[in-house]
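Please walk through the structure shown here, beginning with the surroundings of the ligand and ending with a residue in a loop.

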Amino acid sequence: MNDFRRVADDVRNWGRWGDDDELGTLNFITADKVAEAAATVKKGTVISLGGDFGANGPQGAFKFRQNPVHVMTVDGGDAQTLVEYAPGWARNSVAQELSSFFVDNPFRFNDDMIVMPLQAATQWDALSHVYYEDKLYNGFPADSVTSFGAYHCGIDKVDVKGITSRGVLLDVVAHRGAEVFCEPGNPITPAELDDIVAEQGIEIRRGDVVVVHTGWWTRFLSTGDGQEAGSGLDWTCASWLHDHEVAAVAADNLMVEDPDPANGVEGTFLPMHMLCLRDMGLMLGEYWDLGALAADCAADGVYEFQLIAPPLKVVGAVGAPVSPIAIK
Ligand code: UVW
């Protein structure tokens, strides 16, 4: 725990961008940075980094998170019935309202809704997602997150930054020569990140969003097993991310960091979450689909791209779905 405290003191960005700051390391994304990101576009290739939101998602292991439930609220099957019966269906105001659109009118429509945890699939963790010792990022009180949502550091606050910046893929799968994904029991260390950066001939610059390919999502797509463990970042990578002044980090796995408590800090769960979200103010992207991006980067040897990844602006939410795209 002493090591954790030392790192926490070292990486803590509280007050760095003012006492009322709720953006954290997204402050590294300046107008120049956005322009730098746009200038990486050379081929016009658009690559989706978003997974599906549906019944076959990765959730189910935890009782507090389910896969999305998608329901149709109006569909083509309703139309004829509504025209026939609804005008006289006095006790069903929904049917009457809908039928008023259809009777004597060729107009038809479909509507739907979704019920899901905001962390169900490809997502951003907001800075209010994880805290310890009663404080959120920048010292905001943890009890400012109430049943009404996050008063401080909600995901809706980050819209001013896009989120868009220069993205850099670090391909751990290729570096390790893994067939599909990086097996558990071997956390990704800061030294390994340095090796990958050197091997790929890429530079990590202030304000970048670092995107780590572990192959977990590709493996999940073939097995459907959302519970399978895999490698993630060692908790000490928090210092690496801090030293490189990155704006955010995302990965294709469940938690970005290594899930095995044996590789963490005794007496804590998810120490990198605690350091990144609460101390540094650095957002984590989880369950990103990086297979196609990794293949494209391996093919052209270019590991930088324009990343466009705005979270759904759910007011007061502590995380949100995102369908990120990489443009090269
Ligand atoms: C928690 O930290 C609880 O979850 P996630 O891995 O979604 O960030």
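In this predicted model, the shell around the ligand is made up of four nonpolar, three polar and three charged residues. The residues that form these surroundings are R65, Q123, D125, H129, V130, L254, M255, L270, H273 and E286, where a residue is taken to be near the ligand if one of its heavy atoms lies within 4 Å of it. As for its location in the protein, the ligand sits in the largest pocket.

Several side chains of this shell can be followed to oxygen atoms of the ligand. D125 places a polar side-chain atom 2.7 Å from an oxygen atom of the ligand, and for H273 the distance from a polar side-chain atom to a ligand oxygen atom is likewise 2.7 Å. In the case of R65, an N or O atom of the side chain is found 3.1 Å from an oxygen atom of the ligand. The ligand, which would expose 260 Å² if taken alone, has 84% of that area buried by the protein.

The last stop is V103, which belongs to the loop that runs between α4 (93-102) and β3 (111-115). Is V103 buried, exposed or partly exposed? V103 counts as partly exposed because its relative accessibility is 32%, a value that falls between the limits of under 20% for buried and over 50% for exposed. Between V103 and W288 there is a separation of 185 residues in sequence, and their C-alpha atoms are 45 Å apart in space.

Definitions and conventions. Residues are numbered from 1 along each chain as its sequence is written. This is a predicted model: local features need pLDDT of at least 70, side-chain atom pairs count only at pLDDT 80 or more; totals for chains, interfaces and linings use all residues. Side-chain values use heavy atoms; hydrogens and water are left out. A polar contact is a pair of N or O atoms within 3.5 Å; within protein, one must be able to donate a hydrogen and the other to accept it, and residues adjacent in sequence count only if both atoms are side-chain atoms. Accessible areas come from the Shrake-Rupley method with a 1.4 Å probe; for residues, only the protein chains shown count as cover. On a 1 Å grid over the protein atoms alone, a cavity is a set of points where a 1.4 Å probe fits but cannot get out, and a pocket is an open set with protein on both sides within 12 Å along at least five of seven lines; lining residues have an atom within 4 Å of a point. A molecule sits in a cavity or pocket if more than half of its atoms lie within 2 Å of its grid points. Ala, Val, Leu, Ile, Met, Phe, Trp, Tyr, Cys and Pro count as nonpolar, Asp, Glu, Lys and Arg as charged, and the others, Gly among them, as polar. Helices (H or I, at least four residues) and strands (E, at least two) are DSSP runs, numbered from the N terminus. Buried means under 20% relative accessible area, exposed over 50%, partly exposed in between (1.4 Å probe, protein chains only).
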